[in-house]
Amino acid sequence: MKVLVTGGCGFIGSHVVDAYINDGHEVVIVDNLSTGKTENKNEKAKLYKVDICDEGVRDVFYKEKPDIVNHHAAQISVPLSVKEPLMDAEINIKGTIRLLELSREYGVQKFVFASTGGAIYGEAEKVPTDEGYSPEPLSPYAISKFASEKYIKFYRSLYGLRFVILRYSNVYGPRQIPHGEAGVVAIFTEKLLANVHPTLNHFPDEERGMIRDYCYVKDIASANITATKSTKTGMFNIGTGKGTRTLDLYRYTINALRRKGKAIPQEFEDPKRAIARPGDLKVSILDVRRAKKELGWKAIYDMQNGLFETVDWYLKNET
Ligand SMILES: NC(=O)c1ccc[n+]([C@@H]2O[C@H](COP(=O)([O-])OP(=O)(O)OC[C@H]3O[C@@H](n4cnc5c(N)ncnc54)[C@H](O)[C@@H]3O)[C@@H](O)[C@H]2O)c1
């Protein structure tokens with residue numbers, strides 16, 4: 001099948017492209033390279049340097065006529081979405097609608113969408129949080145993802161466009177940039193490699209930091225393949241179902257770096273401290289049983305293995 005991956009030169013999108021190519025698909029990428037990099041591009045994929053907000057994306061649909069659209073391009077910074085909600089909505093909501101319109105017009109078979117389980121539920125009363133929980137998004141970024149989900153469902157009900165919405169937990173792994181939705185692993189690793197003492201953001205009453213469901217990016221990529229092949233239309237949480245505190249993640253990162261031979265100063269054992277930022281949640285853990293039951297997908301990597309591969313990549317790509 002021919003798959004059009006938006007954001008295919010970004011962190012997650014590039015792993016998704018690799019997985020599609022390994023699975024034997026033809027891949028076309030649409031990416032404006034605002035945060036994505038050509039180094040991330042799989043050499044077998046064809047890149048169109050186009051913005052999803054521009055009419056030029058129509059030419060790509062016209063030329064390529066993709067069977068599947070896999071939509072990963074987005075403005076991904078929560079703080080930036082708070083500062084510039086209009087810009088966030090332009091890219092994340094209007095960009096998605098443009099792709100849905102083109103998907104309908106060009107007879108796309110399925111629309112796969114990267115949504116956020118890590119942000120959409122807000123400070124959920126039920127943890128782990130399942131897909132039936134009513135989202136209470138607390139940032140323009142999360143609102144824009146929720147709105148996109150509603151448009152996707154509208155295109156299903158009116159035009160029959162099949163879809164899979166994947167609500168990711170906090171994703172980490174090689175190629176991640178530090179300022180994204182869930183960049184804490186990238187931030188800690190890059191700082192530790194540069195011999196800069198990292199800072200841990202926390203709520204005043206929780207000194208060990210917030211709790212997150214960290215999922216390794218290769219597991220996320222495999223969820224995309226499974227979702228594309230599945231006959232199901234629907235929405236699925238994608239994560240590990242397990243919570244980790246930021247301080248534990250920090251210590252695991254130091255351990256992984258030390259196992260790889262990197263000397264970390266003793267005074268870095270404890271991170272510096274700062275107060276949580278607007279939009280930060282105390283707890284986010286996803287209930288991932290639906291994905292297992294209906295798609296037959298589950299995360300394979302545990303945190304130690306995922307971090308080990310991640311720091312290995314950062315060490316090899318140190319500048
Ligand atoms: N990182 C996470 O933990 C996480 C969690 C939940 C959901 N997501 C979602 O996964 C997707 C990928 O996130 P990521 O972490 O890989 O971010 P990323 O910034 O690395 O990737 C985004 C890609 O989209 C491209 N892009 C941005 N705006 C564009 C535009 N207007 N037109 C064309 N291309 C554009 C960028 O150049 C980049 O290659 C996003 O939709 C994000 O919301 C990420």
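User: Which residues come nearest to the ligand?

Analyst: Quick heads-up: this is a predicted model, where local features need pLDDT of at least 70, side-chain atom pairs count only at pLDDT 80 or more, and totals for chains, interfaces and linings use all residues. Residues are numbered from 1 along each chain as its sequence is written, and side-chain values use heavy atoms, with hydrogens and water left out. Being around the ligand takes a heavy atom within 4 Å of it. There are 31 such residues, and the nearest are I12, D31, T35, Y141 and K145.

User: Which residue has a polar backbone atom 2.9 Å from an oxygen atom of the ligand?

Analyst: A polar contact here is a pair of N or O atoms within 3.5 Å. G10 has a polar backbone atom 3.0 Å from a ligand oxygen, and N32 has one 3.1 Å from a ligand nitrogen. The 2.9 Å pair, again with a ligand oxygen, belongs to G36.

User: How do the axes of α4 and α6 lie, roughly parallel or roughly antiparallel?

Analyst: Axes are lines fitted to C-alpha atoms over the stretch in contact, with angles from 0 to 180 degrees between N-to-C directions. Those of α4 (residues 85-105) and α6 (residues 140-159) come within 9 Å and cross at roughly 15 degrees. Angles under 35 degrees count as roughly parallel and over 145 as roughly antiparallel, so α4 and α6 are roughly parallel.

User: What is the angle between α9 and α11?

Analyst: The axes of α9 (residues 246-259) and α11 (residues 303-316) come within 9 Å. The two helices are oblique to each other, crossing at roughly 55 degrees.

Notes. Helix = DSSP H or I, 4+ residues; strand = E, 2+ residues; numbered from the N terminus. Parallel < 35°, antiparallel > 145°, perpendicular 65-115°, else oblique. Polar contact = N/O pair within 3.5 Å; in protein donor to acceptor, adjacent residues only side chain to side chain.
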